[in-house]
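Let's take a walk through this protein, stopping at a helix, some charged pairs, the nonpolar interior and the empty spaces. Keep the structure open and turn it as you read.

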Amino acid sequence: MVGKLITHVLLFCFFIIVATGALTAKSGCQKQCGNVSIPYPFGIGSGCFLNEWFEVLCIKDNTIPLLRHIKQEVMEISVEAGTILVRNPITFWNCNRETRQSPSLEGSPFVFSQKNRFTAVGCGAFGLLISSKLSTNIAGYMSTCGETGNHSCSGINCCQKNIPLNLNSFKTTFHAVDGEKEKVCKYAFLVDQDWFMSNFTDIYSFKEMVDVPVLLEWELYYSAFDVFGTSFETNKSTWSNPKCYWDSVNFEYGCYRNSTCYTYYNDIATSSSVIFNQSRVECSCGWGFEGNPYLIEGCKDIDECKDDSNSCTQYGGVCQNDFGGYGCYYPSRNEHSVLNLIRIGIGSIIGLLFVLAGAWWLYKRMKEGGRVARLDGNREIELKGTENSNEASNVLIPLVASQPQLQ
């Protein structure tokens, strides 16, 4: 029973030692720009990104990441979801503001996510999204004029519209239902709807902004060899044989599992780019792991025992992290007794060490002072002095106890 307990404790300690933060960027590459993490296949510097579309520049004293090829500021990158949040310009009309259009993503691995909404603001604003490639209307919506307040975008002074799948390029134009309304300031933008709902307070507050967050989706039209740079064996289970190593670059232990990757083939042209018979790879870390699945050692074990949501403690158990999961250990009464004895023994040893250390320190201090005092049974104290003699001399000094005086 004790042997089983020791085995569990050793396994628990092992996984605590090897657990580390998940890898994000390639080894030796800059991992962050400002407050934004830059995970591979994106990267900063030569050899740190997959190709030119994923190159990021860190500008303005290493505080702002810029997607170099389409010149958009990066706000967030997710390798798990295959998305990147960027700042996209607002297009103005009759507002005495500089008017800019959204950059084209044609030929790139990026498309505008359908989680975005095309939003037009202004009295009688008739906004249109026109396909740059086909020169046809792909989305449009007209707001009506009203006095219902500025805190909603339900069609009065503000309207929203879904966008089509795989949209990669568009231009924004405006029309008005009559000449008077044509003179009114209007503006439109594509915006990440989650951000819009979280930050929406006044429909006219966007007039003071120059851009808003837009969500892009990206795909890798490459083979696994191109992505990993080697013949990396994906989809290989390593549950019974954890791959643990010492990272000499980051000076830490780590354990990882091979990424789970799937390869897809396109037989027809997509709306995002013209690709025939070219493979597309999509990877994930799988349950029980986290990190960057596009790095060989990127999928690290999650320590579920650090999360209070595990079910072990609810039933009096002890959470034990395993490679790719966790288990619950329920000590028996005897094992509880052994644990208590171990705790008492360790506490006693530590206490004894403190007592011995204190006694030794006291002895050294008194010896350094040049004298040792000793009380005997006759209530006399012997003082040893060597200050004025080569040999020690003994002097007996009787101790006289004072008696209280009677009144």
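Asparagine 199 sits in helix H3, which covers residues 193-199. Bear in mind that this is a predicted model. With a relative accessibility of 37%, asparagine 199 counts as partly exposed. A polar atom of the asparagine 199 side chain lies 2.8 Å from the backbone oxygen of tryptophan 195.

Now for the charged pairs. How many salt bridges does a search of the whole structure find? The search turns up 5. One of them pairs the side chains of glutamate 73 and arginine 87, at 3.5 Å from N to O. Glutamate 73 belongs to strand E5 (residues 72-78) and arginine 87 to strand E6 (residues 83-89), so this salt bridge ties together parts that are 14 residues apart in sequence. As for how much of each partner shows, glutamate 73 is partly exposed at 25% relative accessibility, and arginine 87 is partly exposed too, with a relative accessible area of 29%.

Stay on arginine 87 for a moment, as there is another partner to look at. Arginine 87 also forms a salt bridge with aspartate 211, and here the closest N and O atoms are 3.7 Å apart. Since arginine 87 lies in strand E6 and aspartate 211 in strand E15 (residues 211-218), the pair ties together parts that are 124 residues apart in sequence. Is aspartate 211 buried or exposed? At 18% relative accessibility, aspartate 211 counts as buried, because the cut-off for buried is under 20%.

Next, move along to glutamate 282 and arginine 280. These two form a salt bridge as well, with their closest N and O atoms 3.1 Å apart. Glutamate 282 has 39% relative accessibility and counts as partly exposed, while arginine 280 counts as buried at 13%. Going back to the earlier trio, salt bridges with shared partners join Glu73, Arg87 and Asp211 into one network.

Arginine 280 deserves a closer look. You'll find arginine 280 in strand E19, residues 278-284. The side chains of arginine 280 and glutamate 282 are also joined by a polar contact of 3.1 Å. What else is arginine 280 in contact with, leaving aside neighbours within four places in sequence? The list is Glu219, Leu220, Tyr221, Tyr222, Tyr262, Thr263 and Tyr264.

On to the nonpolar interior. In soluble globular proteins, nonpolar side chains tend to be buried together. Here the largest nonpolar core has 45 residues, and those touching the most other members are Phe42, Phe54, Ile84, Phe110, Phe112, Leu216 and Trp218. Strand E15 gives the most to this core, with 3 residues. To see what surrounds one of these residues, pick out phenylalanine 110: beyond neighbours within four places in sequence, phenylalanine 110 is in contact with Phe42, Trp53, Phe54, Leu67, Ile84, Leu105, Asn168, Leu216, Glu217 and Trp218. Apart from the largest core lies another one, made of 15 residues, including Phe92, Cys158, Phe196 and Phe200.

That leaves the empty spaces. The largest pocket has a volume of about 500 Å³. Which of the 33 lining residues are the closest to the centre of the largest pocket? They are Ala81, Gly82, Trp218, Glu219 and Glu282. You've already met Glu282 as the salt-bridge partner of arginine 280, and Trp218 among the core residues that touch the most other members. Strand E8 (110-112), E15, E19 and strand E20 (289-291) are the elements that give two or more residues to the lining of this pocket. E19 gives the most, with 5 residues.

There are closed spaces too: a search of the whole structure finds 2 cavities of 30 Å³ or more. The second largest cavity holds about 30 Å³ of space. Asn88, Pro89, Thr91, Ser102, Phe118, Phe170, Thr172, Ala188, Phe189 and Leu190 form its lining. At least two of the lining residues come from each of E6, strand E13 (170-175) and strand E14 (186-192). Among these elements, E14 gives the most, with 3 residues. E6 is a strand you've seen before, as the home of arginine 87.

Note on methods. Residues numbered from 1 in each chain as written. Predicted model: local features only at pLDDT ≥ 70, side-chain atom pairs only at ≥ 80, totals over all residues. Heavy atoms only, no water. Salt bridge = Lys/Arg side-chain N within 4 Å of Asp/Glu carboxyl O. Helix = DSSP H or I, 4+ residues; strand = E, 2+ residues; numbered from the N terminus. Buried < 20%, exposed > 50% of the residue type's maximum accessible area, 1.4 Å probe, protein only. Polar contact = N/O pair within 3.5 Å; in protein donor to acceptor, adjacent residues only side chain to side chain. Contact = heavy atoms within 4.5 Å. Core = buried A, V, L, I, M, F, W, Y, C linked by side-chain atoms within 4.5 Å. 1 Å grid on protein atoms, 1.4 Å probe; cavity = no way out; pocket = protein on both sides within 12 Å on 5 of 7 lines; lining within 4 Å. Points joined across faces, edges and corners; volume = space filled by probe spheres on them.
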